[in-house]
Amino acid sequence: CGDEITLRVDLGKGAGDAVLVRDVSYEARGCSISQASASMLYDLVAGKPVDSVASTLAAVRAMLLDPHAGEPDEDVLEDAVAIAGVAKFPARVKCAMLPWDTAAKAFGA
């Protein structure tokens with residue numbers, strides 16, 4: 001579709017052996033859905049342990065791609081549940097998934 005995202009992740013040491021996502025920044029060019037989704041990704045992973053990122057990515061993927069996943073868990077996805085309706089528009093799902101797919105590659109998830 002032409003949407004592009006560049007994702008930058010700053011990792012640092014947390015308590016004990018934990019590795020934290022200290023910051024996430026991005027440059028996004030594309031539709032409002034992909035840009036809003038990138039902003040939601042920032043909100044959900046910045047400041048969190050890297051170990052929790054994979055489960056967050058899986059929850060977003062299920063919300064947008066799995067028609068049998070049921071209602072999204074607002075405790076896990078917070079404001080990102082706002083993009084759940086995109087799942088009804090298959091041509092737009094790729095827009096919403098772009099930041100999350102990019103993050104999955106960055107985190108090896």
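A residue counts as buried here when its relative accessible area is under 20%. Keep that cut-off in mind for the close-ups below, which are taken from a predicted model.

**View 1. Thr56, tucked into helix α2.** Thr56 sits in helix α2. Its relative accessibility is 8%, so Thr56 goes down as buried. Which residues does Thr56 contact once its neighbours within four places in sequence are left aside? They are Leu44, Leu77 and Trp100.

**View 2. Helix α2 and its buried side.** Let's step back to the whole helix. With 16 residues at 1.5 Å a residue, α2 should span 22 Å, and its end C-alpha atoms are 23 Å apart, which agrees. Thr56 has company here: the buried residues of α2 are Val53, Thr56, Leu57, Val60, Met63 and Leu64. Around the axis they cover an arc of only 125 degrees, so they end up on the same side of α2. And what do these buried residues pack against? Their partners are β2, α1, α3 and α4.

**View 3. Arg61, also in helix α2.** Arg61 is another residue of α2, but this one counts as partly exposed, because its relative accessibility is 37%. Leaving out neighbours within four places in sequence, Arg61 is in contact with Asp66, Met97 and Asp101. For a sense of scale, look across to Val45: Arg61 and Val45 are 16 residues apart along the chain, and their C-alpha atoms are separated by 15 Å.

**View 4. Helix α1 and the face it buries.** Now for helix α1, which takes in residues 32-45. Its 14 residues should span 20 Å at 1.5 Å a residue, and the end C-alpha atoms are indeed 20 Å apart. Buried along α1 are Ser34, Ser37, Ala38, Met40, Leu41, Leu44 and Val45. Looking down the axis of α1, you'd find these buried residues within an arc of 165 degrees, so they line one face of the helix. That set packs against two strands, β1 (4-13) and β2 (19-29), along with the helices α2 (50-65), α3 (74-77) and α4 (90-107). Leu44 may ring a bell, as it was one of the contacts of Thr56.

**View 5. Just past α1, and over to Arg22.** Right after α1 comes Gly47, whose phi is positive, at about 85 degrees. Gly47 is also touched by Arg22, a residue of strand β2. Is Arg22 buried or exposed? Arg22 is exposed, as its relative accessible area is 53% and the cut-off for exposed is over 50%. Not counting residues up to four places away in sequence, Arg22 touches Asp10, Leu11 and Gly12 as well as Gly47. Phe107 makes a handy landmark from here: Arg22 and Phe107 are 85 residues apart in sequence, yet in space their C-alpha atoms are 13 Å apart.

**View 6. The largest pocket and its lining.** Rolling a probe the size of a water molecule over the atoms shows where empty space is left. How much space lies in the largest pocket? About 190 Å³. Its lining is made of Ala62, Met63, Leu64, Leu65, Asp66, Pro67, Ala69, Gly70, Glu71, Pro72, Ala84 and Ala87. Sorted by class, that gives nine nonpolar residues, one polar and two charged.

**View 7. Two lining residues, Ala62 and Glu71.** Ala62 belongs to helix α2 and counts as partly exposed, because its relative accessibility is 25%. Ala87, also in the lining, is 25 residues from Ala62 along the chain, and the two C-alpha atoms are separated by 9.9 Å. Glu71 is in the loop between α2 and α3. With a relative accessible area of 75%, Glu71 is exposed. From Glu71 to Ala84 is 13 residues in sequence and 9.0 Å in space, C-alpha to C-alpha.

**View 8. Glu78, with a positive phi.** Most residues other than glycine have a negative phi. Glu78 isn't a glycine, yet its phi is positive, near 50 degrees. Where is Glu78 found? It's in the loop between α3 and α4. At 35% relative accessibility, Glu78 counts as partly exposed.

Methods. Residues numbered from 1 in each chain as written. Predicted model: local features only at pLDDT ≥ 70, side-chain atom pairs only at ≥ 80, totals over all residues. Heavy atoms only, no water. Helix = DSSP H or I, 4+ residues; strand = E, 2+ residues; numbered from the N terminus. Expected span 1.5 Å × (residues − 1). Buried < 20%, exposed > 50% of the residue type's maximum accessible area, 1.4 Å probe, protein only. Arc of directions from axis to C-beta. Contact = heavy atoms within 4.5 Å. 1 Å grid on protein atoms, 1.4 Å probe; cavity = no way out; pocket = protein on both sides within 12 Å on 5 of 7 lines; lining within 4 Å. Points joined across faces, edges and corners; volume = space filled by probe spheres on them. Nonpolar A, V, L, I, M, F, W, Y, C, P; charged D, E, K, R; others polar.
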